[in-house]
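Me: I'd like to learn how to read a few features off a model like this one. Can you walk me through it, general idea first and then the case at hand?

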Amino acid sequence: ESAAETAEAEKEVAAEKEVAAAGGGVEDKYGEDRATEELPVTPWAFSVASGYTLLRDPHHNKGLAFTERERDAHYLRGLLPPGVVSQDLQVKKIMHNLRQYKVPLQRYVAMMDLQERNERLFYKLLIDNVEELLPVVYTPTVGEACQKYGSIFRRPQGLYVSLRDKGKVIDVLRNWPERNIQVIVVTDGERILGLGDLGCQGMGIPVGKLSLYTALGGVRPSACLPITIDVGTNNEQLLNDEFYIGLRQRRATGEEYHELMEEFMDAVKQIYGEKVLIQQFEDFANHNAFDLLAKYSKSHLVFNDDIQGTASVVLAGLLSSLKVVGGTLAEHTYLFLGAGEAGTGIAELIALEISKQTNAPIEECRKKVFLVDSKGLIVSSRKNSLQPFKTSWAHEREPVTTLLDAIKSIRPTVLIGTSGVGRAFTKEVIEAMASFNERPVIFSLSNPTSHSECTAEEAYKWTQGRAVFASGSPFDPVEYDGKIRVPGQGKQCLYFPWIWPWCCDFWSNPRT
């Protein structure tokens with residue numbers, strides 16, 4: 001620290017002592033609270049963090065890495081053991097401790113504890129060991145963490161906006177201590193991964209997502225804001241769980257829901273400006289996700305990770321797979337199991353890219369892509385009963401009700417799973433793909449691992465090692481026929497290093 005900064009800190013401490021000695025402060029010389037009715041507490045006060053307070057400030061705490069000089073400058077002497085331990089050595093120690101845990105959720109809790117006490121060390125640890133720790137702070141472990149969030153909750157890591165805050169959402173946003181917010185990840189918890197309605201406990205998703213924005217995309221932690229919109233839950237198990245931390249009521253819908261969302265979106269723009277990126281209406285249910293994206297994309301800088309983010313990563317994976325299987329995007333045929341946000345989002349981006357490469361109308365390019373939902377293949381004869389976001393994929397074709405029949409009828413070269421139904425890619429399904437494709441492309445993208453349509457081992461085994469495979473959750477390398485095959489991963493976080501420079505460019509040159 002500079003001499004000027006040290007002198008300024010010493011002046012401030014001396015001034016505080018003078019105020020306290022005169023009886024005008026909130027602490028006496030013994031540090032005991034002297035707030036009375038005659039001495040009202042001011043809620044907004046800023047001071048230089050030092051001493052015991054500094055060690056409990058996760059944004060600035062360095063633990064044993066504080067140098068001798070820093071310990072003197074910030075009144076830390078005696079509050080820490082005398083040894084000075086480098087950040088690298090702390091990382092080594094924590095990784096050693098994490099590897100002792102056999103239960104993934106224990107590792108998650110340990111990582112969150114570290115983030116809450118020493119933010120710099122948390123990100124150093126995550127960046128240096130991203131491949132090992134990514135499954136801990138995000139999928140698949142974050143799914144279990146959300147299910148048990150009430151039990152493991154220690155201190156708030158984001159902002160909660162509930163129906164009780166209707167009419168004063170802007171005041172709730174003002175309670176967040178940071179003002180220079182650039183990225184918001186918000187969820188209403190209705191469709192968390194493949195786990196369904198987790199209500200308020202979906203907070204684990206925006207917290208985990210934004211930690212990866214920092215680790216992978218370089219966004220300052222203080223510029224990130226995780227938010228959960230709590231409108232209740234229809235999950236009976238949570239409503240009856242004594243540890244549940246959200247509103248204990250059925251999920252609000254219709255006008256009540258949209259009024260709260262509109263108030264929230266307006267408040268965000270008013271507090272943080274029109275350039276704040278509301279990155280994804282994260283894990284919203286289909287019936288809200290498409291409407292919210294369409295409505296607010298006209299007035300806010302918004303992005304839906306499930307519809308758009310997943311699509312960008314999967315398209316990148318398909319382009320990479322062409323190096324193995326050959327041909328162009330337009331020469332392949334695509335079949336999806338799952339016609340929700342992820343499935344239709346990926347399908348649309350594939351069609352857009354084919355259109356771009358071939359100069360063909362987008363309507364023609366969509367005919368290369370087929371979707372199967374819970375009622376079977378989406379075809380034109382079902383058009384009147386389809387949700388609006390599915391109608392673009394209702395092709396002229398004979399209806400079939402099972403995935404296996406759809407494969408036999410369409411003979412796709414690429415099979416993509418976004419259904420959230422574990423083991424839906426059965427042995428018969430994968431063997432059918434392998435029967436007419438030398439190198440079948442199989443992407444099993446549903447999260448967490450238990451909801452994946454098939455495992456890497458199953459894909460390789462049932463195709464005699466010929467599959468080009470990727471999954472949403474990580475799978476270990478598989479040995480087959482004497483060779484090690486490393487499955488790919490189609491995780492949205494792979495685009496984080498790209499999206500942030502794009503936003504910065506957008507803010508500088510919005511017309512481009």
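Me: Let's start with Glu 282: in which loop is it found?

Reply: To place a residue outside helices and strands, name the elements on either side. Glu 282 sits in the loop that runs between strand E4 (277–281) and helix H14 (286–296). Bear in mind that this is a predicted model.

Me: Which residues does the UniProt annotation "binding site" cover?

Reply: With annotations, look at the record and then at the space around it. The unreviewed UniProt entry puts Glu 282, Asp 283 and Asp 306 under "binding site". They're spread over 25 residues of sequence but cluster in space, with a largest C-alpha distance of 6.9 Å.

Me: And which residues does UniProt list for "active site"?

Reply: Here the unreviewed entry lists Tyr 138 and Lys 209. Their span in sequence is 72 residues, yet no two of their C-alpha atoms are more than 7.2 Å apart, so they gather at one spot. Tyr 138 itself is in a loop, the one between helix H7 (130–137) and helix H8 (141–147).

Me: Now the sheet. In what order do the seven strands come?

Reply: For a sheet, read off the order, then the edges, then the pairing sense. This one is open, with seven strands ordered E8-E7-E6-E9-E10-E11-E14 and mixed pairing. Strand E8 (376–377) and strand E14 (488–489) are the edge strands, each pairing on one side only.

Me: In which sense do E10 and E11 pair, parallel or antiparallel?

Reply: Strand E10 (residues 441–444) and strand E11 (residues 468–471) run parallel, paired over four bridges. To pin down the register, take one bridge: Ser 444 has Ser 471 in E11 as its partner.

Me: What does helix H15 touch when it packs on the sheet?

Reply: Helix H15 (residues 305–325) touches strand E6 (334–337), strand E9 (414–417), E10 and E11. The direction of H15 makes about 155 degrees with that of E10.

Me: Last one, cavities. How many of 30 Å³ or more does a search of the whole structure find?

Reply: Count first, then volume, then lining. The search turns up one cavity of 30 Å³ or more, and the largest cavity holds about 100 Å³ of space.

Me: Which helices each supply at least two residues of its lining?

Reply: Helix H5 (104–117) and helix H9 (149–152) do, and H5 gives the most, with five residues. Residues lining the largest cavity include Tyr 108, Asp 113, Phe 153 and Arg 155. By class, its lining has six nonpolar, one polar and four charged residues.

Key
Residues are numbered from 1 along each chain as its sequence is written. This is a predicted model: local features need pLDDT of at least 70, side-chain atom pairs count only at pLDDT 80 or more; totals for chains, interfaces and linings use all residues. Side-chain values use heavy atoms; hydrogens and water are left out. Two strands pair if DSSP finds at least two bridges between them. Contact means heavy atoms within 4.5 Å. Axes are lines fitted to C-alpha atoms, for helices over the stretch in contact, and angles run from 0 to 180 degrees between N-to-C directions. On a 1 Å grid over the protein atoms alone, a cavity is a set of points where a 1.4 Å probe fits but cannot get out, and a pocket is an open set with protein on both sides within 12 Å along at least five of seven lines; lining residues have an atom within 4 Å of a point. Grid points are joined across faces, edges and corners, and a volume is the space filled by probe spheres set on the points. Ala, Val, Leu, Ile, Met, Phe, Trp, Tyr, Cys and Pro count as nonpolar, Asp, Glu, Lys and Arg as charged, and the others, Gly among them, as polar. UniProt positions are given in the numbering used here, feature names are shortened, and annotations may be inferred rather than shown by experiment.
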